[in-house]
Amino acid sequence: MTEQCAEIGHIPVIPRGGKPCSCGKSGCLETIASPAAIVEDALAILSEEETPVLWKLCREKSPAAPDIGDVLNAALGGDRGASAIVGRAVSALGAALKSVIYLLDPDKIVLYGHIFENAYYLFRLLSEMREGVDTRHAVVIEKSRYNLRLEDRAAGLLAVQAFLENGGVRP
Ligand SMILES: [Zn+2]
């Protein structure tokens, strides 16, 4: 088994005019698909009209500012605005992961990050990953069993089991 690990958060997904990224570029995957980006995008449209479920959730809590759990719960609860933002994040991450699958042909993709602990988000991502991947490139996609135990910086982390069995230290 080959051993490869890639952080895909800084793959450019918006050709021009994307949001500035912490890495200095703009339009990286992280600017759309990271939990912070999802919350930021939801805040930008937060209103009783565009995001009614999220609006209600925020009114019922203190502090009122939504976190990633609120945005995902709102989307799950039928909030069209929140759902569209989550959908955009999922399809950007899905497209990046599919590129990785076709480029590197991994046996397995291991997802690392707090957001993958959310069953609704993981379900949407796995649904997205069933589209546009042929059977020759069938790949196991699973949540890292080391999830939340390593530094959380990437929107998605690609690794093979050998990497993780090594305790997250690159051989
Ligand atoms: Zn970046």
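In this predicted model, H5 and H6 pack with their axes 9 Å apart and at an angle of about 50 degrees. An angle of that size falls outside the ranges for parallel, antiparallel and perpendicular pairs, so H5 and H6 count as oblique to each other. The handedness of the H5 and H6 crossing is right-handed. On the H5 side, the contact is built from Val 86, Val 90, Ser 91, Leu 93, Gly 94 and Leu 97, and H6 answers with Tyr 121, Arg 124, Leu 125, Glu 128 and Met 129. Sorted by class, the residues where H5 meets H6 come out as 7 nonpolar, 2 polar and 2 charged.

H5 has another partner in H4, and here the geometry reads quite simply. The axes of H4 and H5 come within 7 Å and cross at roughly 110 degrees. Angles from 65 to 115 degrees count as roughly perpendicular, and that is why H4 is described as roughly perpendicular to H5. The crossing of H4 and H5 is left-handed, while that of H5 and H6 is right-handed. Val 71, Leu 72, Ala 74 and Ala 75 are the H4 residues involved, and they meet Ala 82, Ser 83, Ile 85 and Val 86 in H5. This contact of H4 with H5 holds 7 nonpolar residues, 1 polar residue and no charged ones. Val 86 turns up in both places, touching H4 and also taking part in the contact with H6.

Stepping back to the whole chain, its secondary structure adds up to 7 helices and 4 strands. Read from the N terminus, the order of elements is β-α-α-α-α-α-β-α-β-β-α. Of the 171 residues in the chain, 36% are buried. Among contacts with a separation of 6 or more, 65% are between residues 24 or more positions apart.

The buried part of the chain includes a nonpolar core, the largest one, with 35 residues. Within this core, Leu 29, Leu 54, Val 71, Ala 82, Val 86, Ala 89 and Leu 93 touch the most other members. At least two residues of the core come from each of helix H1 (30-33), helix H2 (35-45), helix H3 (52-59), helix H4 (68-76), helix H5 (80-104) and helix H6 (119-129). H5 gives the most, with 10 residues. As background, nonpolar side chains tend to be buried together in soluble globular proteins.

Ala 82 makes a handy spot from which to look around the core. With its neighbours within four places in sequence left aside, Ala 82 is in contact with Ala 42, Thr 51, Val 53, Leu 54, Val 71, Ala 74 and Ala 75. Several of these partners reappear in lists of buried residues: Val 71, Ala 74 and Ala 75 are among those buried in H4, along with Asp 70 and Leu 72. Val 53 and Leu 54 are likewise buried in H3, as are Trp 55, Leu 57 and Cys 58. The buried residues of H4 pack against H2, H3, H5 and H6, and those of H3 pack against H2, H4 and H5.

Thr 31, in helix H1, offers a look at another part of the chain. It has 26 C-beta neighbours inside 10 Å, and because 20 or more is the mark for a buried residue, Thr 31 counts as buried. Once neighbours within four places in sequence are set aside, the contacts of Thr 31 are Gly 18, Lys 19, Cys 21 and Ala 37. Ile 14 sits 17 residues away from Thr 31 in sequence, and the C-alpha to C-alpha distance between the two is 9.2 Å.

A few backbone details round out the picture. In the loop between H3 and H4 lies Pro 63, which is joined to Ser 62 by a cis peptide bond with omega about 0 degrees. H4 is followed by Gly 78, whose phi is positive, near 95 degrees. Asp 105 has a positive phi as well, near 50 degrees, in a residue other than glycine. Asp 105 belongs to the loop between H5 and strand E2 (108-111). With 11 C-beta neighbours inside 10 Å, Asp 105 stays within the limit of 12 or fewer and therefore counts as exposed.

Note on methods. Residues are numbered from 1 along each chain as its sequence is written. This is a predicted model: local features need pLDDT of at least 70, side-chain atom pairs count only at pLDDT 80 or more; totals for chains, interfaces and linings use all residues. A nonpolar core is a set of buried Ala, Val, Leu, Ile, Met, Phe, Trp, Tyr and Cys residues joined through C-beta atoms within 7 Å. Two residues are in contact if their C-beta atoms, placed from the backbone, lie within 7 Å. Axes are lines fitted to C-alpha atoms, for helices over the stretch in contact, and angles run from 0 to 180 degrees between N-to-C directions. Angles under 35 degrees count as roughly parallel, over 145 as roughly antiparallel, 65 to 115 as roughly perpendicular and the rest as oblique. A crossing is left-handed if the near helix is turned anticlockwise from the far one by less than a right angle, and right-handed if clockwise. Ala, Val, Leu, Ile, Met, Phe, Trp, Tyr, Cys and Pro count as nonpolar, Asp, Glu, Lys and Arg as charged, and the others, Gly among them, as polar.
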